[in-house]
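Hi everyone, thanks for making time this morning. I'd like to walk you through a structure I've been looking at, so let me put it up on the screen.

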Amino acid sequence: MTVRTRPALWWRCAIVLSAFLGIFLSNSSLVYFTIQSNVIVLGYFLAAAYWMLKRDTVDAPAPRLRGAAVLYITITGIVAHVLLNHGENPLPGLVSGPDRLQHWSSFFLHYTTPLMVLADWLLLSPRNASRWRDLPLWLSFPLGYAFLTEGRAVLFPDFPVRYPYFFLDPTEHGYGWVGLQMLQLTVEFVVLGALVIGLDRLGTKLRRTPAGAGAQA
């Protein structure tokens, strides 16, 4: 491992640690999108660390898969903070209360890991690897998760945690309401996916700026 690859490698190892701690401390099952997205991040960045060591490179492998992981973990962070936690400050629960371990798990799963992955996407290479045509493929996982959840609840009514999230539960408001929730989330996910691709381009410009400034000086 050279000096050139060391900072990126350690950062990606820190992402692995954050995702692992969140999953390990959690009492939630794989039925939750939160856990699934963090498992994807954990697996991808473990593979990335191995790739970087083997190839002595700062570039993460499978950059289009990396973009999908970024989108999924960003969805996890935003949905948790806005829809599930209603924008509440997550920090007080880390130092007081009987459920501190679960608060720490939630903090790693919903805040630390998403922010670290976004920083990795913005600042580390490779750059300009995502394409607009990747967006429908990326969206197939969260949308497929929603449809699978609804179908599973109908076919297996005794399945534990039939509806992991309130916006997928038709019990009180019906399937029409769930459909509207999913339509709204789909639009928001499309916007998030476009932002992920846009950040890829922005990261390229940020990395090129110092070189350009030095040349002019």
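I'll go from the overall fold to the helix pairs, and then to a few individual residues.

Please keep in mind that this is a predicted model. Let's begin with the whole chain. The protein chain has 6 helices and 0 strands, so if you read along the sequence, the pattern is simply α-α-α-α-α-α. The radius of gyration is 19 Å, close to the 17 Å that the globule rule gives for 217 residues, so the chain is as compact as a globular protein of that length. If you'd like a feel for the dimensions, the C-alpha atoms fill a box of roughly 65 × 40 × 30 Å along the principal axes. Of the 217 residues, 42% are buried. And if you take the contacts with a separation of 6 or more, 72% of them are between residues 24 or more positions apart.

Now to the helix packing. Two packed helices are described by the angle between their axes and the distance between the axes, and I'll give you both for each pair.

Let's take α1 and α4. Helix α1 covers residues 6–25 and helix α4 covers residues 100–123; their axes come within 8 Å and cross at roughly 155 degrees. How do α1 and α4 run relative to each other? With an angle over 145 degrees counting as roughly antiparallel, α1 and α4 are therefore roughly antiparallel to each other. The crossing of this pair is left-handed. The residues making the contact include Trp-11, Ile-15, Ala-19 and Gly-22 of α1, with Trp-104, Phe-108, Thr-112 and Met-116 among those of α4. Sorted by class, the contact of α1 with α4 has 14 nonpolar, 6 polar and 2 charged residues.

Next, two helices that both pack against α5. Helix α2, residues 33–55, has an axis that comes within 12 Å of the α5 axis, and the two cross at roughly 150 degrees. That angle makes α2 roughly antiparallel to α5, and the crossing here is right-handed. The contact is made by Phe-33, Gln-36 and Ile-40 on the α2 side and by Phe-141, Pro-142 and Tyr-145 on the α5 side. Of these residues, 5 are nonpolar, 1 is polar and none is charged.

The other partner is α3. Helix α3 spans residues 63–84 and helix α5 spans residues 134–155, and their axes come within 10 Å and cross at roughly 45 degrees. That makes α3 oblique to α5. The crossing of α3 and α5 is right-handed. On the α3 side you'll find Arg-64, Gly-67, Ala-68, Leu-71, Tyr-72 and Ile-75, and they meet Asp-134, Leu-137, Trp-138, Leu-139, Phe-141 and Pro-142 in α5. The tally for this contact is 9 nonpolar, 1 polar and 2 charged residues. If you were listening for repeats, Phe-141 and Pro-142 of α5 take part in the contact with α3 and also in the contact with α2.

Let's stay in α3 for a moment, because there is an arginine worth pointing out: Arg-66 lies in this helix. Is Arg-66 buried or exposed? With a relative accessible area of 1%, Arg-66 is buried. Leaving out residues up to four places away in sequence, Arg-66 touches Arg-12, Tyr-44, Ala-60, Asp-120, Trp-121, Leu-124, Ser-125 and Pro-126.

Two of those neighbours bring me to the backbone. Most residues other than glycine have a negative phi, and most peptide bonds are trans. Which residues are joined by a cis peptide bond? They are Ser-125 and Pro-126, with omega about 10 degrees. Pro-126 sits in the loop between α4 and α5.

As for phi, have a look at the loop between α2 and α3, where we find Asp-56 and also Ala-62. Asp-56 is not a glycine, yet it has a positive phi of about 50 degrees. Ala-62 likewise has a positive value, near 45 degrees. What about their accessibility? Asp-56 counts as partly exposed at 30% relative accessibility, and Ala-62 counts as partly exposed at 41%.

That's my tour, and I'm happy to rotate the model to any of these spots.

Methods:
Residues are numbered from 1 along each chain as its sequence is written. This is a predicted model: local features need pLDDT of at least 70, side-chain atom pairs count only at pLDDT 80 or more; totals for chains, interfaces and linings use all residues. Side-chain values use heavy atoms; hydrogens and water are left out. Axes are lines fitted to C-alpha atoms, for helices over the stretch in contact, and angles run from 0 to 180 degrees between N-to-C directions. Helices (H or I, at least four residues) and strands (E, at least two) are DSSP runs, numbered from the N terminus. Angles under 35 degrees count as roughly parallel, over 145 as roughly antiparallel, 65 to 115 as roughly perpendicular and the rest as oblique. A crossing is left-handed if the near helix is turned anticlockwise from the far one by less than a right angle, and right-handed if clockwise. Contact means heavy atoms within 4.5 Å. Ala, Val, Leu, Ile, Met, Phe, Trp, Tyr, Cys and Pro count as nonpolar, Asp, Glu, Lys and Arg as charged, and the others, Gly among them, as polar. Buried means under 20% relative accessible area, exposed over 50%, partly exposed in between (1.4 Å probe, protein chains only). The radius of gyration is taken over C-alpha atoms; the globule rule is 2.2 Å times the number of residues to the power 0.38.
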